Every structure is written in structure tokens, then in C-alpha cells.
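Student: Before we discuss this protein, could you bring up the sequence and the model so that we can go through them together?

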Amino acid sequence: MEVVDGAFTAVEIGAPAAGASILPGVVLPGFADVHGHAFHRALRGRTHDDGGTFWTWREQMYAVAERLDPDTYLALARATYAELALAGVTTVGEFHYLHHGPGGVPYDDPNTMSTVLRQAAQDAGVRLTLIDACYLRGGFGTPLSGPQLRFADRGVDAWAARVATLKADDHCRIAAAAHSVRAVPAEALPTIGGFDGPVHVHLSEQPAENDECVAATGRTPTQLLDDYGFLGPRATVVHATHVDPDAVRTLGGRRAWVCACPSTERDLADGIGPMRTLADAGARLALGTDQHVGADLLGEARALEDDERLGSRERGRFTSAELLGALTAHEALGWADTGAIAVGQRADLVAVPLDQPGTAGVDPGQVMFAPTNVDTVVRDGHVVVSGGRHVIGDVGRLLVDAIGAL
Ligand SMILES: [Zn+2]
């Protein structure tokens, strides 16, 4: 293959050009981590004492959110994105809601935290879609409290005015989000859904969200989003773990993206979403690390299939091609020119060696069903990871220092 200005200009099979670099093992397109919150990385391996629930985990997450400032967030996000790059991620979708300073007081530049995240992505060698999330209340009929104040703008118009000042560039695109139907009143949904770009929302991760939504509005979260025009081919719903057959039909019929986050859903004991059924109905699948309980994108793809097997007691619920499609859903983040090794596409590559203990003997077409180590990652034609090492240096040390500072 040949790369000019960060894009493939020629792709030939079995014909290495003179002077070409040969990558080891199986070479795949770069991966998209369609949904995550960089600061949650500080919680990995620290929330497992005394069991707890999604809601008690959320209290621990809020405690980290309370402590972050622009400097500590830059260090943490840089290291977190670098860890994702080591796993083959070339596009990160950052679902960003930690907008303001302590007590909800805006920084002098109200997009300071966005600037920090953009810098972190640049340093870590990944492209970014900054998914700016609107967050206006604590729940149905519940005001904001404590750390949630840092997430909120004065109203949806203030959120929209702030987001309108964010500018895309070659490394960063802007997307919009409603945090969830809990955190955003229905009247605000048309403004957010009308954003000129991708629109994202957390959907039905917990049965309690469904119950509270039905009690407050008489509709399920999916019905509510659809009634307010939020769902369509630009929309990504995250989790969709507890969706009924009516919601499955709606999400499929609207050709929405559904972003599964299997390691997070396992970690938080959320449940198993009907991903095969959603795909059959017409929804397009994507994958996210969400709370960064792990940073193994190939493992997330494997988990998508494994969870289906446990739920259905059938093997082969997704083909390798379908899993690769979910791994490369850059389009859900607004990068339709990324995700395939083809002329005109951005030159992103991930090389997975087949001569390592985890992959020895593996059929190249089934590499995602084995424990893998990524050797090389190329983004826009630039080498970001080589020999399993990030060009930025020791990512473990960066993470230890960034988390230690919190
Ligand atoms: Zn999330």
C-alpha cells in the first residue's frame, strides 16, 4: 500500500512495493473507541471492595471529578489516550461533561477543559471527536448537586452557545450529546439533536432509568428520544442494555449507531444488551471503553460475541467481519473517511503479530478471538506505536504519575 498526505493512494494485495516497510502479523484498519470518559481511568482497579452497584460506583466517580483541574486532567487524559493508542485506537470519542470549575464556576475560557482534551489527544497521537455533553439536572425532577454542578451549563441555550465556539480541525471534530434522558429535560433534546454533526446519548444502561422515565413522561427513553427527533443515522446511543422490542425496532428503523461497552457493562453488572437483535433490526454497532476498566479494543469485540454466546447459548452470533465493523466505526464519530484499508481512506493501520504466546497458531481471520498484543499503530500515515512501544515514551509511568497526582 502507498500513503500520501496521510491517506492511502494505492492498495495492492500480495505485492510489496520496493522500499516498503513490512508490518508483522495481521494488519487491520485503526480502531475507533466510540465512547469513553478519560477521567474514569483513575478508578480502574479501585472500586471493587464491598461490592456495590452502578450507583455506588458513580459516587466514587464523582469524587474523582471533584478533584480534577486542567493540569491534572491534561496529564490523565494524555496517558489514558496513549494507553488506547497502544491497543490500536486511532480515533477517540471523548464523551465530555466535566466542563466547569469547582462549584460549577466557568473557567475564564469556558472551554478550558475541551482544550485540555484536545491537547491530550494531540500528544498521544490519536485523533479526537470531542462529544460535548449537555447536562442540566440531577435526574427526573431532581436538581443538580455536588460535583454535578461542574457538568452543567445554565441551560440548553448556554450549552449551545458554548459549543458553537468549538472549532473542528484536522485532528479534532466536534459532536454533541445529551448526557441521558435523566440529565436533560425533553424540551432540550431538539436543540441538541439538531447539532450539525454526530449526536450521542447514554441510553437505558440501567432498568432504573427506564422506570423513572416512564413514570415521569409516560414513555421509554427510546420513545422519548424518538418523539423529540433525536434518533437518526447521525445518532449514537450508548449501552442500550435494557431496551424492549419496541425500542429495538425504533433504533433499527432509524439506522442509529448502538455503542456497546462490554467491559464496562460487565464491571458495573449492567446486564447484556440485545446486540444481535439490534443489528438484525438495522442498528449499526460500535464499541467503546466507556469507564476504561480496560483498554483492549480487540477484547471489547471479543466480549461482544462472548456475551451473546452466554445469553443465547449459541456460538457464532457475529462474524469476524461484523466484529471488525464494530471496531472501526469511525463514522459514528464523524470520520467517514476512516476505517478501511482502501484508496482515499485515512491511512490508519494496526499490526497484530502472530508469533507471540497469545497468538501462536491462530487463524489470521480469527485473531480477535485470541489474546493479542498490538505491535504497530499508524495514524494518518504516522507511526504512533512501534514494537509495542508508544513514541511518547513509557505510558505506564505516565499513568502512574497522572493517577498518583489525584
Ligand atoms: Zn459513558
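Student: What spacing do the donors of the zinc ion follow along the chain?

Tutor: This is a predicted model, in which local features need pLDDT of at least 70, side-chain atom pairs count only at pLDDT 80 or more, and totals for chains, interfaces and linings use all residues. Residues are numbered from 1 along each chain as its sequence is written, and side-chain values use heavy atoms, with hydrogens and water left out. Donors are N, O and S atoms within 2.8 Å of the metal (3.2 Å for Na, K and Ca), and sites may look incomplete because water is not among the atoms. Along the chain, the donors of the zinc ion follow the spacing H-x1-H-x164-H-x87-D.

Student: Which protein atoms are the donors of the zinc ion?

Tutor: The protein donors lie 2.1 to 2.4 Å from the zinc ion. They are His35 (NE2), His37 (NE2), His202 (NE2) and Asp290 (OD).

Student: Is the arrangement of the four donor atoms around the zinc ion regular or irregular?

Tutor: Four donors count as tetrahedral if all angles lie between 85 and 135 degrees, and as square planar if opposite donors are over 155 degrees apart and all others between 65 and 115, while anything else is irregular. Here the four donor atoms subtend angles of 86 to 168°, which makes the arrangement around the zinc ion irregular.

Student: Which residues of H13 does H2 meet?

Tutor: Contact means heavy atoms within 4.5 Å, and helices (H or I, at least four residues) are DSSP runs, numbered from the N terminus. From H2, the contact includes Ala75, Leu76 and Ala79. Their partners in H13 are Val395, Leu398, Leu399, Ala402 and Ile403.

Methods: Four donors count as tetrahedral if all angles lie between 85 and 135 degrees; four count as square planar and six as octahedral if opposite donors are over 155 degrees apart and all others between 65 and 115; anything else is irregular. Helices (H or I, at least four residues) and strands (E, at least two) are DSSP runs, numbered from the N terminus.
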